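Hello,

Here is the structure I said I would hand over. My notes on it follow below.

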Amino acid sequence: MTTHTAPANRSDVSPVVSMDMITKTFPGVTALDRVKLDLYPGQVTALVGENGAGKSTTVKILTGIYQTDGGTIRIDDAPVSFASPNDAAKAGITAIHQETVLFDELSVAENIYIGHAPRTRFGLIDTAAMHAAAAKLLDDIGAPFSSHTQLRDLGIANKHLVAIARALSVDARVVIMDEPTAALSHKEIEELYTLVETLKSQGKAILFISHKFDEIFRIADRFTVFRDGAFVGDGLIADITEDALVTLMVGRSVDQIFPDRAHTPGEEVLKVVGYSHPTEFADITFTLNRGEILGFYGLVGAGRSEFMQSLFGITKPTKGVCRINGEIKIIRSPADAVNNGIVYVPEDRGKQGAVIGLPIFQNITLPSLGRTSSRGFLKLAEEFKLAREYAARLDLRAASLDQDIGNLSGGNQQKVVIAKWLATQPQVIILDEPTKGIDIGSKAAVHKFMAELAAQGLSVIMVSSEIPEVIGMSDRVIVMRDGLIASELSGDELTPETLVRHAAGITTSTEGTAP
Amino acid sequence: MTNTTQTRHIPDRLHSRAARLFKSWEALLFAVAIAIFVVNSFASPYFLNAWNLSDATFNFTEKAMIAFAMALLIISGEIDLSVASIIALASTAMGLAVQYGAGTPELVAIGLTVGLLCGAFNGVFVTILGLPSIVVTIGTMSLFRGISYIILGDDAFRGYPASFSWFGQGYIYWVFTVEMLFFVIIAVVYAVLLHKTNFGRAVYAIGNNPTGALFSGIRVARVKFILFLLTGLMSGVAAICLTSRLGSTRPSIATGMELEVVTMVVLGGVNILGGSGTIPGVVIAAFVMGLVTFGLGLLNVPGIVMSIFIGLLLIGVIALPRLWAMVSAQRKARKIA
């Protein structure tokens with residue numbers, strides 16, 4: 001292997017893995033449309049793209065979790081197909097995820113060698129050999145803990161090291177790092193960089209996925225850009241500027257159509273001052289007016305959902321004041337929030353939004369039972385009346401209102417969750433990634449509906465990681481980064497480039513307040 | 001909204017009430033109950049006797065009182081294994097009060113209060129500290145009965161006032177016992193509570209998805225706390241009936257009853273993982289268990305064989321529909337192939 005020479009300059013090296021014309025479709029969505037991606041030995045390739053660009057799908061295909069619908073994957077120029085994660089592992093491809101799949105109750109050595117532990121001649125696990133091998137691996141990557149440590153006792157950064165050791169233990173040739181720094185401190189990130197250099201010097205091909213441009217320019221040798229599931233471009237990092245990469249990433253060929261909104265936001269409805277949380281967010285201050293759509297943009301982990309859940313009474317803020325129509329309200333529980341006219345459509349629909357197992361009509365009436373009942377006794381006729389009204393308003397598609405909500409498509413489940421909240425006649429509706437994972441048709445319907453709600457005087461907070469959605473729907477946008485408000489944008493300032501810059505912290509101005 | 005172009009009509013329900021009833025677990029269980037009744041009437045000449053049948057109801061009335069509250073608790077995704085120990089503690093407290101000359105009204109008040117306090121104790125640990133109810137109530141199962149043993153040792157409390165015997169030994173009319181009346185009243189109250197009130201709807205919502213219920217503005221902890229209180233209270237009622245019927249208190253009173261209560265609830269079609277089940281189902285399950293115990297008793301089957309039979313019945317009734325589904329799925333698959 002000739003991997004010890006400066007890799008970034010060696011464009012004549014042939015790739016270990018070469019994906020070509022890869023297509024993957026899901027019902028109603030084309031996740032990947034004839035994309036290509038090459039990974040070179042001893043080099044870091046950054047895969048760049050917005051949320052929904054197809055990065056995760058690509059990783060899942062490379063690791064054998066998804067199967068392609070078209071195109072070829074070659075390893076060392078020989079076509080391969082992965083029927084299962086096991087096949088991918090055998091081919092030497094391993095992934096380190098944001099939330100790495102490890103086992104808290106096992107030791108570090110057991111985590112590293114689970115599934116391929118050295119055996120004694122009786123077929124039992126050779127504990128001594130396993131710990132010896134694990135200790136060597138840990139030593140190689142400079143891990144500051146022993147192979148006997150319980151995984152549970154390690155912090156997130158050290159868990160990443162275990163995952164990396166595991167990757168090395170199977171003699172991986174390709175290491176995929178999916179946002180490995182998302183939960184790490186500054187110092188831990190530096191250590192990770194050193195480790196990546198080690199892996200490079202060992203000739204591993206590294207696929208590095210990150211939203212943070214400073215990281216990409218610090219560590220990557222090459223880049224590949226996807227946009228909306230399509231390949232946009234690739235090349236050497238040395239040949240491109242940050243600005244050019246941002247433009248490649250967000251510039252879109254097909255503009256989505258968003259409803260026209262001639263808005264005149266009314267008086268102030270909600271005012272939040274200094275909301276803070278021990279770890280997730282601090283000093284959140286903003287106002288929301290009647291009939292306004294306020295966008296919240298930021299990277300995953302910027303603290304947007306955590307803040308919204310605090311506003312909805314799920315977690316208690318350590319300080320901060322919330323005024324509704326000028327009056328100070330203390331919201332201790334979701335029930336308090338609903339009583340004060342604040343409702344929340346969560347991102348995790350299956351777990352937090354829908355009560356799967358209950359029929360559609362009962363999901364819709366759940367927070368409104370006080371109105372459809374008399375003295376605590378249910379009135380089914382009233383419930384069906386309310387459910388029918390809101391099912392029609394949202395153009396719900398279902399076999400019957402008595403059907404389990406779990407049998408509906410994602411888009412229709414989302415309609416039921418929104419219907420549930422509208423039926424409470426709220427003042428403020430918080431939509432957390434309202435169109436994530438739903439098909440294009442339902443997406444457009446949700447957008448149109450949001451515009452109508454705002455026109456009727458409802459105030460909308462929309463948390464979204466989709467830039468076109470944020471720009472297309474919002475009157476104003478608050479950008480969050482590392483738990484703080486990075487900026488508030490409106491009008492002409494609302495461009496994809498500014499959003500990305502503020503969220504990723506590549507402002508050239510005086511932004512430097514993040515901890 | 002006024003500008004909706006055309007809305008599709010979605011029917012409220014696809015299946016009629018009768019169709020749903022016919023396909024239900026309760027219908028299957030009811031058929032089993034009838035079958036056991038018929039078999040018993042042929043197996044023993046003493047079965048079809050009004051007084052014998054009346055006596056047989058004691059096999060299940062006290063357990064069923066607790067089972068109704070337990071059904072709600074299990075539907076909400078929790079469980080209380082300390083109920084039999086609550087009976088022991090409540091009964092011991094009543095016995096102790098008798099020694100100080102308490103009359104029937106005081107005894108009833110003490111029984112109910114101890115039940116409520118024990119329920120509250122469980123509820124605090126589960127809802128405020130967030131501990132798993134199965135662990136908490138296994139702990140309190142030992143704790144509550146342990147207190148009874150400390151107070152009573154090998155002794156027994158006797159000397160309950162004559163009027164106190166009404167609860168467990170009294171008759172309302174002809175062969176109908178006071179306990180049967182309690183059984184009916186409590187069954188109706190819990191059926192209404194679970195199936196006809198907002199509270200009952202919250203119980204189902206919590207059992208299906210506690211996070212989703214919380215995110216829908218339901219006060220999950222409060223509902224669960226009330227359910228523990230109710231289960232404690234029903235254990236207090238059962239303690240009054242059982243103590244009254246036996247006329248004495250030993251610390252071993254009602255040993256093992258918690259599992260019979262849970263068996264009754266699960267046999268009644270309540271999902272042990274929470275989320276589904278009905279009170280009518282538990283009512284029928286109570287009769288099934290009572291009839292089986294009584295029938296086998298008439299045939300002089302020893303107690304241990306009886307519990308084997310109840311165990312088999314539970315597994316059988318739960319496994320059969322699953323087996324049936326597997327067989328019919330296979331048959332369907334073969335047809336397609």
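**Notes on the two chains**

In this predicted model, domain 1 of chain A meets domain 2 of chain A through a contact in which 10 residues of domain 1 face 8 residues of domain 2. Helix α6 of chain A (residues 186–201) supplies the largest share of the domain 1 side, 4 residues. By residue type, that side of domain 1 holds 7 nonpolar, 2 polar and 1 charged. The C-alpha centres of domain 1 and domain 2 of chain A are 26 Å apart.

The full division of chain A has four entries:

- domain 1: 14–92 + 173–253
- domain 2: 100–171
- domain 3: 255–341 + 426–507
- domain 4: 356–425

Domain 1 and domain 3 of chain A are each written as two segments; the segments of domain 1 lie on either side of domain 2 in the numbering, and those of domain 3 on either side of domain 4.

As for chain A as a whole, its secondary structure comes to 18 helices and 20 strands. The radius of gyration of chain A is 25 Å, and the globule rule gives 24 Å for 515 residues, so chain A is as compact as a globular protein of that length. Along the principal axes, its C-alpha atoms fill a box of roughly 75 × 55 × 45 Å. Buried residues make up 47% of the 515 in chain A. If you take the contacts in chain A between residues at least 6 apart in sequence, 69% of them join residues at least 24 apart.

Next, the interface between the chains. On the chain A side 36 residues are in contact with chain B, and on the chain B side 27 residues are in contact with chain A. Three helices of chain A, α10 (334–339), α11 (349–353) and α14 (380–393), each give at least two residues to the chain A side. Of these, α14 of chain A contributes the most, with 4 residues. The chain A side as a whole splits into 21 nonpolar, 8 polar and 7 charged residues.

For chain B, an unreviewed UniProt entry annotates "transmembrane region" at residues 27–48, 60–76, 108–129, 134–152, 172–193, 225–247 and 304–325. I looked at two of these spans in the model. Residues 60–76 of chain B are 88% helix and 0% strand, with end C-alpha atoms 23 Å apart. Residues 225–247 of chain B are 96% helix and 0% strand, and there the end C-alpha atoms are 32 Å apart.

Regards

How values were computed: Residues numbered from 1 in each chain as written. Chains lettered and ligands numbered in written order. Predicted model: local features only at pLDDT ≥ 70, side-chain atom pairs only at ≥ 80, totals over all residues. UniProt positions renumbered as here; feature names shortened; annotations may be inferred. Contact = placed C-beta atoms within 7 Å. Nonpolar A, V, L, I, M, F, W, Y, C, P; charged D, E, K, R; others polar. Rg over C-alpha atoms; globule rule 2.2 N^0.38 Å. Buried ≥ 20, exposed ≤ 12 C-beta atoms within 10 Å, placed from the backbone. Domains from an automatic or database assignment.
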